[in-house]
Amino acid sequence: IFSGPISFLKSAPQLQHLPDAEVPEIAFAGRSNVGKSSLINALTGRKALARASNTPGRTQELNFFDVGDPLLFRIVDMPGYGYAKAPVQTVKKWRYLINDYLRGRTVLKRVFVLIDSRHGIKDVDKEILNMLDAAATSYRIVLTKTDKIKASELEKVVAETQVALAKRAAAYPEMSVTSAEKKGGIDELRSAVLEAVYI
Ligand code: GDP
């Protein structure tokens, strides 16, 4: 499936710009710079499908990608969060867009929430986790950049994250452990995405 056609469909800065809810959607969320673009590119085997969105001006949109021809499902690149310098208005807009999307999108099957393996779940990540729990949206944690830490550190962050997840209702205690750089865990992540598409 991932070696077949995958293409950018559209950006939705507001809910009225969402594409028709025709097929299942799998979304990716995470703090800015967590490695979301790199991971989506590794997942899809494309060099520059998702572009690094390192400027606050580009944080506002949901980006939709069509997978398969005929269309099988969509990958949704959610706007990054946690910019230290983001204006209050920008944060508010993000919150409304994400909340509305999570609550209203019946075709949304699961959100993959990316967490930097060097840091684990931080306060800045808790808002989206709380929103996901409140919207009863299924989600799964994906640890990123695991090539940057030692195996012993990875073990520790996996254990800590599992404890944090066990306290939350809608999460999967299992998580994906990835390195976009070294292509670690990418096959497993593909399976996890397909599993979520077909639940
Ligand atoms: P985004 O803002 O979440 O889309 O993050 P990017 O994908 O643009 O990545 C942010 C930075 O982290 C870039 O400099 C990437 O090269 C780097 N990066 C992303 N994934 C990895 C990874 O798996 N390993 C390492 N070492 N660096 C990564």
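**Figure 1. Leu 114 and Val 142 are bridge partners, with Val 142 in strand 6.** The chain crosses from strand 5 to strand 6 through helix 3, residues 123-134, and this β-α-β crossover is right-handed. The model shown here and in the other views is predicted. Strand 5 and strand 6 run parallel and pair over six bridges. On the other flank, strand 6 and strand 7 pair over two bridges, again in the parallel sense. There, Leu 143 stands opposite Val 177 of strand 7. The link from strand 6 to strand 7 passes through helix 4, and this β-α-β crossover is right-handed.

**Figure 2. Strand 6 is largely enclosed by the rest of the structure.** How many of the six residues of strand 6 are buried? Six of the six are, so the strand is largely enclosed. Tyr 139, Ile 141 and Leu 143 point one way from the strand. Arg 140, Val 142 and Thr 144 point the other way. Both sets are buried. Helix 4, residues 151-166, lies across strand 5 (108-116), strand 6 (139-144) and strand 7. Helix 4 runs at about 160° to strand 6.

**Figure 3. Seven strands form an open sheet with mixed pairing.** The strand order is 1-3-4-2-5-6-7. The edges are strand 1 (6-12) and strand 7 (176-177), each pairing on one side only. Strand 2, residues 25-30, pairs with strand 4, residues 73-77. The sense of this pairing is parallel, and it spans four bridges. Ile 26 stands opposite Ile 75 of strand 4.

**Figure 4. Helix 1 is mostly covered.** Seven of the nine residues of helix 1 are buried. They are Lys 36, Ser 37, Leu 39, Ile 40, Ala 42, Leu 43 and Thr 44. Which elements cover them? The cover includes strand 1, strand 2, strand 4, strand 5, strand 6 and helix 5 (186-197). Gly 45 follows helix 1 and has a positive phi, near 65°.

**Figure 5. Val 193 of helix 5 is in contact with Ile 26 and Leu 43.** These contacts leave aside the neighbours of Val 193 within four places in sequence. Leu 43 is one of the buried residues of helix 1. Is Val 193 buried or exposed? Val 193 is buried, because 24 other C-beta atoms lie within 10 Å, and the cut-off for burial is 20 or more. Met 175 lies 18 residues from Val 193 along the chain, and their C-alpha atoms are separated by 12 Å.

**Figure 6. Asn 33 and Lys 145 each have a positive phi.** Most residues other than glycine have a negative phi. Phi of Asn 33 is near 80°. Asn 33 is found in the loop between strand 2 and helix 1 (36-44). Asn 33 counts as partly exposed, because it has 16 C-beta neighbours inside 10 Å. Lys 145 has a phi of about 55°. Lys 145 is found in the loop between strand 6 and helix 4. Lys 145 is buried, with 23 other C-beta atoms within 10 Å.

**Figure 7. A cis peptide bond joins Asp 69 and Pro 70.** Omega is about 5°. Most peptide bonds are trans. Where is Pro 70 placed? Pro 70 is in the loop between strand 3 (62-67) and strand 4.

**Figure 8. The whole chain sets the close-ups in context, with five helices and seven strands.** From the N terminus on, the elements run β-β-α-β-β-α-β-α-β-α-β-α. The C-alpha atoms fill a box of roughly 45 × 40 × 30 Å, taken along the principal axes. The radius of gyration is 16 Å, which agrees with the value near 16 Å for a compact globule of 199 residues. Buried residues make up 38% of the chain. Among contacts with a separation of 6 or more, 76% join residues 24 or more positions apart. The mean pLDDT is 92, and 96% of residues reach 70 or more. The predicted model scores ipTM 0.99 and pTM 0.96.

Key. Residues numbered from 1 in each chain as written. Predicted model: local features only at pLDDT ≥ 70, side-chain atom pairs only at ≥ 80, totals over all residues. Pairing = 2+ DSSP bridges. Contact = placed C-beta atoms within 7 Å. Axes fitted to C-alpha atoms, helices over the stretch in contact; angles between N-to-C directions. Buried ≥ 20, exposed ≤ 12 C-beta atoms within 10 Å, placed from the backbone. pLDDT = per-residue confidence, 0-100. Right-handed = clockwise from strand over helix to strand, strands pointing away. Rg over C-alpha atoms; globule rule 2.2 N^0.38 Å.
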